[in-house]
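Hi,

Here is the structure I said I'd pass along. Have a look at it first, and then read on for what turned up.

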Amino acid sequence: MSDIVNGHKPVSNEPEENFSEDVGEPVTESPSEGSGSGAGQLAGDDPVQQVAGGDPVQQVAGEVEAVEGYSRPETVAAKAWMAPAVTGLRDIAEASFGRPQPLAEIVHPPDDRVQINDTSVYPWRVHCSLEITAADSSQWIGTGWFIGPHTVMTAGHVVHIKNSGVPGRDGWVRSIRVMPGRTGSTLPYGSVISQSFRSVNGWINGGDENYDYGAIILPTDLGNTVGWLGFGVYSDADLLASTVHISGYPGDKPAGTQWYASRGIASVNSRKVFYDIDTAGGQSGSGVYRIINGQRHGVAIHAYGGAVTNSGTRIITPVFNNMVAWKA
C-alpha cells in the first residue's frame with residue numbers, strides 16, 4: 001500500500017506550491033457542458049434494459065455518442081482563430097520511448113475511427129489538440145481533455161519526458177499550447193499556452209507506466225466556456241459492463257483533426273484499463289470515458305498500446321484524489 005501511495009504522490013514543476021492528496025472519499029466529479037453554444041447528441045432516446053446474457057456493450061441505447069452525420073447548423077460559430085502553421089510533428093510518446101509509444105497506440109484492423117467534423121459543440125470541444133515544446137525546444141503532439149475550468153488532464157509522458165537519450169530533452173516540458181476542439185487549421189475556442197504542469201512521483205522519478213498521468217494548469221478559465229468531462233472511480237464489474245469512448249488527435253490522420261471510436265472494455269487490473277479501441281500516436285493523454293444517464297465520466301487516461309488491446313491509466317482512488325486537487 002505504501003508503494004501505491006508514494007507512487008501517486010503529486011509532483012509539480014512549481015515546487016513552491018503545496019498539493020494535498022487528502023480530498024475526502026471519492027465517488028464521482030460531475031461534467032459540465034460549458035457556456036459555449038451547442039451540445040452533442042447521444043444515440044437513442046429512451047433507456048433500454050439489458051437482456052439477460054446479452055452483450056454489455058449494448059446495455060443502454062442512449063449511452064453512446066451519435067457521431068455519424070454529425071451536423072449542428074443551429075450552433076453559433078465561435079470566432080475562427082487559426083492554428084499555428086506547424087505540421088509533421090511527431091507523437092510526444094516518441095520523446096520518452098524512442099518510437100511511437102510501444103507498443104504505441106495501435107490501430108487494430110479494421111480501422112473504425114470516425115472524424116468529428118463539428119468540434120465546436122460539447123463534448124468534442126472538451127478534447128484538446130496539444131502542441132508540446134520540450135526543454136530542448138523540440139516540438140511534439142499529444143491530446144488532453146478538460147476536467148475543470150482551468151485543468152486539462154493528459155498522460156504523464158506528455159508533461160514530463162523520461163529516458164529520451166537526447167541531451168537537454170528529459171524532464172518537464174517547456175510549454176504546451178492547448179487547443180480545445182481544434183479542427184485542422186481552425187481553433188473554434190482559440191488556444192492557451194501553459195507552463196504549469198502536474199504529475200506524480202511514480203512517473204516523474206520511476207518512469208512506471210502504472211503512474212503515467214498528469215495535468216496541464218491553464219492561466220485562464222477556458223473550461224467554463226468549453227465545459228469538461230466528469231470522472232469517477234468504478235468497480236471492476238462496473239467497468240467490464242461498460243462501453244467506453246475515446247476522442248483525440250492522432251498523428252496518422254490530417255493534422256489537427258479529431259477522431260472518435262468506441263467499444264467495450266476488454267479487461268482491467270488494479271492500475272490499468274484495456275480496450276480494443278483504435279488509436280494512433282498523438283492520442284496519448286486522451287480521455288477514456290463512459291456515459292452514465294447522459295453524463296460523460298472519465299475512467300482512464302489513454303497512454304499505451306498493444307498487439308491485442310490498447311490501454312489507459314485507470315482512475316483509482318489516489319488518481320481521483322489528485323485530479324480533484326489539480327482541478328481546484
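To start you off: is Arg169 buried or exposed? Keep in mind that this is a predicted model. Arg169 is buried, with a relative accessible area of 13%. Its side chain meets that of Asp136 in a salt bridge, 2.8 Å from N to O. Asp136 sits in the loop between strands E6 and E7, and Arg169 in the loop between strands E9 and E10, so the pair ties together parts 33 residues apart in sequence. Asp136 itself is partly exposed, at 26% relative accessible area.

Now the wider picture. The protein has 328 residues, and 56% of them are buried. Its secondary structure comes to 7 helices and 22 strands. Of the contacts between residues at least 6 apart in sequence, 75% join residues at least 24 apart. About 12800 Å² is exposed, with carbon and sulfur atoms supplying 51% of that.

Back to the salt bridges: the count is 11. One of them joins the side chains of Arg290 and Asp238, at 3.0 Å from N to O. That pair links distant parts of the chain, with Arg290 in strand E20 and Asp238 in helix H6, 52 residues apart. Arg290 is buried at 8% relative accessible area, while Asp238 is partly exposed at 30%.

Another one pairs Asp276 with Arg263, their closest N and O atoms being 3.0 Å apart. Here Asp276 lies in the loop between strands E19 and E20, and Arg263 in strand E18, 13 residues away in sequence. Asp112 comes in as well, linked with Arg263 and Asp276 in a network of salt bridges.

Cheers

Notes:
Residues numbered from 1 in each chain as written. Predicted model: local features only at pLDDT ≥ 70, side-chain atom pairs only at ≥ 80, totals over all residues. Heavy atoms only, no water. Helix = DSSP H or I, 4+ residues; strand = E, 2+ residues; numbered from the N terminus. Buried < 20%, exposed > 50% of the residue type's maximum accessible area, 1.4 Å probe, protein only. Contact = heavy atoms within 4.5 Å. Areas by Shrake-Rupley, 256 points an atom, 1.4 Å probe, with all protein chains shown as cover. Salt bridge = Lys/Arg side-chain N within 4 Å of Asp/Glu carboxyl O.
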